[in-house]
There are 2 protein chains.
Amino acid sequence: MHIETEATQQLQRAAVAARAAARVLARSSEAARNGALAAMAAALRDHQTDILSANEADVGAFNGTNALRDRLTLNPARVEAMAKGLEDVAALPDPLARTLADWTRPNGLRIQRVASPIGVIGMIYESRPNVGADASALCLKSGNAVILRGGSDSANSAKAINLALQQGLDASGLPPACIQVSPNTDRAFVAAMLAGAGLLDLIIPRGGTSLVERVQREARVPVLAHAEGLCHTYVHEAADPSMARAIVVNAKMRRTGICGATETLLIDRSIAAAQLPAIVADLRALGCDFRADAQARMVVPGLKPASEADFDTEWLDAILSIAVVDGVDQALAHIARHGSEHTDAIVTEDRDTADRFLRGSDGAVTLWNASTQFCDGGEFGFGAEIGIATGRLHARGPVGLEQLTTYRYLVTGTGQVRP
Amino acid sequence: MHIETEATQQLQRAAVAARAAARVLARSSEAARNGALAAMAAALRDHQTDILSANEADVGAFNGTNALRDRLTLNPARVEAMAKGLEDVAALPDPLARTLADWTRPNGLRIQRVASPIGVIGMIYESRPNVGADASALCLKSGNAVILRGGSDSANSAKAINLALQQGLDASGLPPACIQVSPNTDRAFVAAMLAGAGLLDLIIPRGGTSLVERVQREARVPVLAHAEGLCHTYVHEAADPSMARAIVVNAKMRRTGICGATETLLIDRSIAAAQLPAIVADLRALGCDFRADAQARMVVPGLKPASEADFDTEWLDAILSIAVVDGVDQALAHIARHGSEHTDAIVTEDRDTADRFLRGSDGAVTLWNASTQFCDGGEFGFGAEIGIATGRLHARGPVGLEQLTTYRYLVTGTGQVRP
């Protein structure tokens, strides 16, 4: 209870400072925000030695897998990449310079819907130091203050990076409190963030499904996130066979650990015998394993059988679930039952079927004749993304600068009163 | 515990039926949805006798104030107004027919951001029977299923209206489960709705502050709402005096009980002596009372003193808080401290000051030289509104048909795979 109270007080202090900083930031010019990003990039380079030695402490104390250690480890090239990332964000269009709608009423009132910052964002993530720098840049550019709570494994790195970024902000004349890291990595601080209605306007969790699901379950603050990316690629009977092979291989195997990777292949019964063996052979050559329904196993003997639960599993690995379906409606029904409203694709040369699939699906991103791995802010042309959202409100799919803004109305009159 | 479980099961049954209905509705044509609205209007007229006799039972059992009884009471003209309201919604532009963005990437991928329904909406409101009909129409037009939980005082009316609307839906070929009322008015059903993550996609509460605040505090589902409308009108020293008088009188007194009514007048010190007496006299002639700070009382002796808490009070009555300020920055600071991010106005002839106010405010709606009572979906040209939102995400200000939609991405390729 004492720890809870202390964490709440720590969050309150951070959030009050962030709120005041956010008000200054919201009124700042695009030039000021871009200047700050340039100064932050310069400060990262200036502090490279400090950052690397803080990171060494984190890496030295780390006892997880080699893959996770690699994600945690910084070197001069990675610090430079972070700095370059800040400059890239500075070069993106100003998301606050957008008038989203502008109309005049019969009584002469002019109504403008304009983009505006969300306010104070809480970011909860695991142990990749660059996530903190990227999120700081995107929040600053979009006029939002951010409170970062990274994983304990990268606490020293996160603090050193934040110190550099704050010095850059300070040098540029914007309040350093725009970008803060949590004072500790206690779980109580996360609990305080999740309970932080009125203090935080939005929480963005990035990490494993269990972290994100906990945030979604417990937060009293709006959340933008995706817990699972259970993506499907549906090969329709009118698919171009070689296109289908190329798309399925890419959608599954380009990177198996990202949320836009295809986890389940749906293929029409009428072409399964002709095309599935080649697709399986391509994937197997790349080290992929399979969980196939009975009909798929009739066509390609020797595949492991799929349980119903396998179709609900986000493998994030070189494993593909396979189900044979009878046409687009069955494919859509399978996706509705097992999917996560993230990203799904159809491969077909038939426009009517594609239209039916695009109209009938309901996920954040639906593709026709392209790989599900395109669900990405960079690939969408957003320049950068802070995450992917699979909720229904505010933003869906890649969350870039525009999605980090909200709107408000400016109404201009000449003395109108309401009758 | 038994009641909780039963309510949860009731909500689950309703929500599963609503989800299935919403899928059909999401794929329906504009003509089908408009035809359904016409059939629903006709059914309301056909069922007028049943609706009025159900309403008589509600009114007969009612023992609240006369004002509330009047809001509860239906008559032939009010039933006709509900039916006409459905037809008016049918005549509005289709919010699902909007492509919000459309671009092509260098690799040839075409990305379209298209409007789509939110899904299943839970509406929690008090005892005005027409709210259920209005909400049903707006949700249906925007492709959403809705589960209505009205106040117990209007339970018979709500059921009779819903029965008519469902028969209209059925006759038009759309699933009646698109529009459901709660099977009872137990508080446990509200609790089940608030806990309904995965069952409901959005909750819209309409009613008193305590109802809305409870929903905002307890809901595990996204909420669009406003709890308070603590609106300000700021009369700047460069205001046209007669415009200022007209706007303040309208903003406060046109209707005192609506959320866009001004609750606090801020006036510049330099013009207070010259203009405040006339403004007070105008308002007093209409029966308005005052809570004024010390400086205002020096200018207009005899006003009741304002406590700090008065400036945090949404009067919803013929009472106006008055504070004297020194310029636009003090006005903005007062609004930031006491406001509710709903609607605030400035009256001035000075464009630079107006710009500073519009840029510096952060509420959902900010007006220049117009009455705060214009914060209304109809006045904005939305045709109808389901409420006003003062949260930061998804929608702010009047919530009309567009705000009852979300978006998703359709991506069209020619076989692209991600490098």
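The legends below describe close-up views of a predicted model.

**View 1. A nine-stranded open sheet draws its strands from chains A and B.** The strand order is 1(A)-2(A)-15(A)-12(B)-11(B)-7(B)-8(B)-10(B)-9(B), and the pairing is mixed. At the edges lie strand 1 (99–104) of chain A and strand 9 (289–292) of chain B, each of which pairs on one side only. From one strand to the next, the twist averages 20°.

**View 2. Strand 1 and strand 2 of chain A form an antiparallel pair.** Five bridges connect strand 1 to strand 2 (residues 110–117), and Ala101(A) has Arg113(A), in strand 2 of chain A, as its bridge partner.

**View 3. Helix 10 of chain B lies across strands from both chains.** This helix (residues 241–253) crosses strand 15 (405–416) of chain A as well as strands of chain B that include strand 7 (231–235) and strand 8 (262–268), and it runs at about 170° to strand 7 of chain B. Helix 11 (residues 269–285) of chain B also packs on the sheet, where it touches strand 7, strand 8, strand 9 and strand 10 of chain B, its direction making about 145° with that of strand 8 of chain B.

**View 4. Chain A and chain B meet through 52 residues of each chain.** On the side of chain A that touches chain B, strand 15 of chain A contributes the largest share, 11 residues, and by class this side has 24 nonpolar, 17 polar and 11 charged residues.

**View 5. Strand 12 of chain A and strand 15 of chain B run parallel.** Five bridges join strand 12 of chain A to strand 15 (residues 405–416) of chain B, with Leu367(A) standing opposite Val411(B).

Note on methods. Residues are numbered from 1 along each chain as its sequence is written. Chains are lettered from A and ligands numbered from 1 in the order in which they are written. This is a predicted model: local features need pLDDT of at least 70, side-chain atom pairs count only at pLDDT 80 or more; totals for chains, interfaces and linings use all residues. Two strands pair if DSSP finds at least two bridges between them. Helices (H or I, at least four residues) and strands (E, at least two) are DSSP runs, numbered from the N terminus. Axes are lines fitted to C-alpha atoms, for helices over the stretch in contact, and angles run from 0 to 180 degrees between N-to-C directions. Two residues are in contact if their C-beta atoms, placed from the backbone, lie within 7 Å. Ala, Val, Leu, Ile, Met, Phe, Trp, Tyr, Cys and Pro count as nonpolar, Asp, Glu, Lys and Arg as charged, and the others, Gly among them, as polar.
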